[in-house]
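Colleague: I would like a close look at one part of this protein. Please take one helix, then set it against the rest of the chain.

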Amino acid sequence: MGLARPDPQVVVIFGASGDLTKRKAVPALYNLYRENLLPGNFAVVGFARTPMTKEEFRASMREAVSRHSRSGIADRYWLPFEEHLDYFSGSYGDPDRWIEFRKFLEEIDAQHGTQGGRLYYCATPPSAFPEITHSIGELGMADRARIVVEKPFGYDEHTATDLNSVLHGVFQEPQIFRIDHYLGKETVQNILVFRFSNGMFEPIWNRSYVESVQIDVSESVGVEGRGSFYEGAGAIRDIVQNHMLQLLATLAMEPPALFDAESIRNEKVKLLRSIRQIDPAETVKGQYNSGVVDGRAVPGYPEEDGVEDGSLTETFAAMKVSIDNWRWAGVPVYLRTGKRMPKRATTITVFFHGAPHLLFEASGLERPERNHLTIRVQPDEGITLTFGAKVPGPDMKVAPVDMDFDYDESFMSAPAEAYERLILDAMLGDATLFTRADEIERSWQIVEKILPKGPVDRYPAGTWGPVAADELIAPDTWHLPH
């Protein structure tokens, strides 16, 4: 993360009584405090509708940190950290409470020496973003401030454009930080270093050497009691439009002129603009039936709480993506994501063209497998290069072998949580790992044709999806996570 520390500021968390605050935001801030990465003068103020005293909020956050912090909890860190925690309750639509809140923040400034710096973190449902933004603007609370908004960012291109207009009515684009937590993962950040700092890979990162690319985001869980939410989303809105297209843009973008936020995001936008709209004829949608995952019987999606009768919401999506630019023309990119798969894994696999193995075939030997590079985004973060080698013995046999890089083994520590890096960068004003307005809108355009609900192929929970997904990629096959 480097040694940079932000300027003094108050981190205001809207939706502070919710799950995201407990699981991600406050544990991330606590870990940043432990590592001496927060400013000397800071405060964290929770804002939510739930009535709660400061003491009750601190107790709730202590329990949350003890459960969700990667570093556990220790009194020598927690006790001084909680002195920076405070709480304010009220409705986001109550102008009188907002006036009181502005006064409350001024008191926090005086108490903690935060000098009027603000980071507003919207850990709320998207429906609350406009109300919060308008209130901040009407009370003149946007000066020296930044705002962080969580996904989903819109429901389609139209709603995303409307939300951008609301935010731009109060904040300048450099003040807006749209979180996609995948971009905070060390392995995703490492893609840029891997590509642009290693002379052995950048020359072959193109259509002349790359045969195809697969990006896989599989989840073993179902909708986890959020059936009513998922009915309004589905796999394409929940995963493809944001996480998967961001992974693809990072993997396939051109080298930026500089390693800074605008240069990197400019190249990502250029890549997204070169992606064709995804064709429904080259898309497979699926929905899980009952089955067995990790040795446990699980219900099908139609039986989940909150799911509508006869639902056509996809819990699985696979598709072919085409990039129309000089580097990637003719290289098929296959995306696959699904719930209730055999295991949780996010991988990117780059398959290289095979060598002209005439000498093997002419000698009656088996054709060696293609070389491929697998980037493990989660879990077990790392990179594996698979190539052919001779099997020891008198016979000429070639078998695939792996050269493996693992974060835990190489650096003797697990990568930091994505939210730690993202919250710190937002406090610093570094937007490199956040999505820009034009990125969001272009991503919605790419998936526009496949958003409407339609027929879904059924697949048993605990399998890798419907048979139609195998037919989509044939004669190739899906690269399954180890």
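Modeller: What follows starts with helix 7 and then moves outward through the chain.

This is a predicted model, in which local features need pLDDT of at least 70, side-chain atom pairs count only at pLDDT 80 or more, and totals for chains, interfaces and linings use all residues. Residues are numbered from 1 along each chain as its sequence is written, and side-chain values use heavy atoms, with hydrogens and water left out.

Helix 7 covers residues 186–196. Helices here are DSSP runs of H or I with at least four residues, strands are runs of E with at least two, and both are numbered from the N terminus. Helix 7 is mostly covered, with eight of its eleven residues buried. Buried means under 20% relative accessible area, exposed means over 50%, and partly exposed lies in between, for a 1.4 Å probe and protein chains only. The buried set is Thr187, Val188, Gln189, Asn190, Ile191, Leu192, Phe194 and Arg195.

Take Arg195 of helix 7. Arg195 counts as buried because its relative accessibility is 1%. Its contacts (heavy atoms within 4.5 Å) are Glu202, Trp205, Thr250, Leu251, Ala252, Met253 and Arg327, leaving aside neighbours within four places in sequence.

Asn190 is also in helix 7. At 19% relative accessibility, Asn190 counts as buried. Asn190 touches Ile383, Phe405 and Tyr407, again not counting residues up to four places away in sequence. Thr250 is 60 residues from Asn190 in sequence, and their C-alpha atoms are 10.0 Å apart.

Now the core. The largest nonpolar core has 132 residues. Such a core is a set of buried Ala, Val, Leu, Ile, Met, Phe, Trp, Tyr and Cys residues joined through side-chain atoms within 4.5 Å. Helix 9 (residues 234–252) supplies the largest share of this core, eleven residues. Phe14, Phe101, Ile136 and Val447 have the most contacts inside the core. Phe14 touches Phe101 and Ile136, and its other partners include Phe47, Tyr92, Trp98 and Tyr120. In soluble globular proteins, nonpolar side chains tend to be buried together.

Next, a helix pair. Helix 2 (residues 54–68) and helix 3 (residues 75–82) pack at an angle of about 145 degrees, with axes 11 Å apart. Axes are lines fitted to C-alpha atoms, for helices over the stretch in contact, and angles run from 0 to 180 degrees between N-to-C directions. Arg58, Met61, Arg62 and Val65 of helix 2 meet Asp75, Trp78, Leu79 and Glu82 of helix 3. These contact residues divide into four nonpolar, no polar and four charged. Here Ala, Val, Leu, Ile, Met, Phe, Trp, Tyr, Cys and Pro count as nonpolar, Asp, Glu, Lys and Arg as charged, and the others, Gly among them, as polar.

Val65 sits in helix 2. Val65 is buried, with a relative accessible area of 0%. Beyond four places in sequence, Val65 touches Val26, Pro27, Tyr30, Gly72, Ile73 and Trp78.

Some backbone details deserve a check. Most residues other than glycine have a negative phi, and most peptide bonds are trans. A cis peptide bond joins Gln378 and Pro379, with omega about -20 degrees. Pro379 lies in the loop between strand 14 (372–378) and strand 15 (382–390). The bond from Ala474 to Pro475 is cis too, with omega near 10 degrees. Pro475 falls in the segment after helix 15 (467–473).

Asp294 is not a glycine, yet its phi is positive, about 55 degrees. Its place is the loop between strand 9 (291–293) and strand 10 (296–298). Asp294 is exposed, with a relative accessible area of 68%. Arg340 has a positive phi near 55 degrees. Arg340 is in the loop between strand 12 (333–338) and strand 13 (345–352). At 7% relative accessibility, Arg340 counts as buried.

Last, the whole chain. The protein chain has 15 helices and 17 strands. Its radius of gyration is 24 Å, close to the 23 Å that the globule rule gives for 482 residues, so the chain is as compact as a globular protein of that length. That radius is taken over C-alpha atoms, and the rule is 2.2 Å times the number of residues to the power 0.38. Buried residues make up 53% of the 482 residues.
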